[in-house]
Amino acid sequence: MTCAENREQHSALLDGELPAPERALVEAHLAACAECSAELARLARMLGMLHALPAERAPLGFVDRVLAVARPTPWYVRAWRGLTQPWRLKLPLEAAALVIVALGAVYVFQKTPELQRAARYEAPAPSSTPAPAPGAPLPVQESTRAKPSAPAPAAAPPSSAVSRDANRAESSKLESAPTAPTPPPAEEAAKPSGAVAPLSKESDLKDKAASTREAESLGEKKKTGGARMDAQAPPAASTTQPAPAPQSAPTQPEPRRQRLGGAAPGAPEAARAFTPPDASGRLSVGDREAAERALIELRGRLGVTEAFRRDAGDGDVVIEMIVPRGALADFTRGLDGIGRWTWDRDPSTLPPQIRLQILLAR
Amino acid sequence: MRGEGPSESETFLASLRAGDPQAFEDMVKTHQHRIYGVALRMMGSRAEAEEVAQETFLRAHGALGEFRGDARLSTWLYAIASRLCLNRLASGEHRMARRRADALEVVPGRSEDQPGGDLERSEREAALQRAIAELPEDRRVVVVLRDLEGLAYDEIAAALGLELGTVRSRLHRARLELKDKLERYLT
């Protein structure tokens, strides 16, 4: 081992970090070399000076200053910092997110109400359509319902009011056939002559009541939207384009269609027509005026109120009464006294106030 | 190691990791002087030394959850402080400030404040402080950690992320340099 190699190991030797074999070699050289021994002694003295240096002390109040800075910040401050810092990165991202959310909200705001209105508009359709009478030709009824609904989406504008008007216009197209001065030839051709004759009296009554309600709803549509339809459609359309007319024509016998078409029920009647009565029947009388007087007297005696009435043509009239459930038996007995009362629709469960629809007919 | 610290029991470390303010305060109180001492030897300025020491504890406070306890807590704090010092010293801003000052601030030994300190000892300590301050930073930190703070070679290697041979070599070079500068006090 040379002196230079030996001196390279002096630090490790003094620190006790030298492995035993190397330490033996170094110590053997030191024992034989006075220069290296003196060098090691000087290094040891220098290390002694270093180790003798007094330890530095942190300034007074250092701990308090550290703790003040390191004191946990409230959660809302940390949350705010987390949201905003580094602000150069996060604020633009958050602004962009806000814009996207705002645009999405506007989009939903614009789209959803229209869908809701469309759903609201579609909902009454099934209830306004009377239940098919047992003898009624079902396929024809389906066609009458399908045809007006088919053009509805195309004609529906974004506004609900406009879409309602458009619907009325579409519905009034159906009504144009009965009110047209000359019935379309196709209606006459399609009208099944045998469809009226085989009807029994009861089924005829049911069919008549159902078609009465249908006529009310269609009549309402006609009243509100008919003018518009007239303005839009050329007069020849009712004859040259008989498509809407035959839709309803085959479902009803021609005389009844004309009677229903001739009736012009008001808006409240149409609104009521959406809800079928709880019960209905036919009161056949000889003298209608006398029957009316008796009915008024019966109503007054039993606390029955008249909800509305409508001329059904040919001198017949449809009257809807609100009958308390407890008075229903007496009332129907009274009806039997006035004329021949026949139940048309007798519900198994009756509400406290029964809407009883009476077809007063000769 | 000089002035070995508080018990680094599992309970204490668990409290620290859990963010217990009292445990953190105890840690700062226990290690403040040693961390400040390293920073002062490295930075050569009391103001900068306090900044570095304070930042060391704040960084430790933010990273206590990640302290696994593989090394001693004091070694972990030395590692943070040493790296902060080296980073500051390596920054261009610090170098320019040093150049303007044209000389390192000689850190006065605490023996000057003590009534029993004699002039020769004060002069020797001042020379030693100056010699340490004039060491290259990578050697200075090794000397400070080993000869002033008493860390073992492997602890220094772990704290600075160096090989053991590199620590041994740098330490030896630094000591030879100090010995040469302090030759007249060694006879």
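Where does helix 2 of chain B bend, and by about how many degrees? Helix 2 covers residues 21–43 of chain B, and its bend of about 55° sits at His31(B). (The bend at a residue is the angle between axes fitted to the seven residues ending there and the seven starting there; helices are DSSP runs of H or I, at least four residues, numbered from the N terminus.) Right after helix 2 of chain B comes Gly44(B), with a positive phi near 75°.

Keep in mind that this is a predicted model: local features need pLDDT of at least 70, side-chain atom pairs count only at pLDDT 80 or more, and totals for chains, interfaces and linings use all residues. Residues are numbered from 1 along each chain as its sequence is written, while chains are lettered from A and ligands numbered from 1 in the order in which they are written.

Now look at helix 4 (residues 73–90) and helix 8 (residues 153–160) of chain B, which pack at about 50° with their axes 8 Å apart. That angle makes the two helices of chain B oblique (not under 35 degrees, over 145, or 65 to 115). Helix 4 of chain B brings Thr75(B), Tyr78(B), Ala79(B) and Ser82(B) to the contact, and helix 8 of chain B brings Glu155(B), Ala158(B), Ala159(B) and Leu160(B) (contact: C-beta atoms, placed from the backbone, within 7 Å).

How confident is the predictor? On pLDDT, its per-residue confidence from 0 to 100, chain B has a mean of 84, with 82% of its residues at 70 or more. Among the elements of chain B, helix 5 (residues 92–101) has the lowest mean, 59, and helix 7 (residues 137–148) the highest, 94.

Note on methods:
Axes fitted to C-alpha atoms, helices over the stretch in contact; angles between N-to-C directions. Contact = placed C-beta atoms within 7 Å. pLDDT = per-residue confidence, 0-100.
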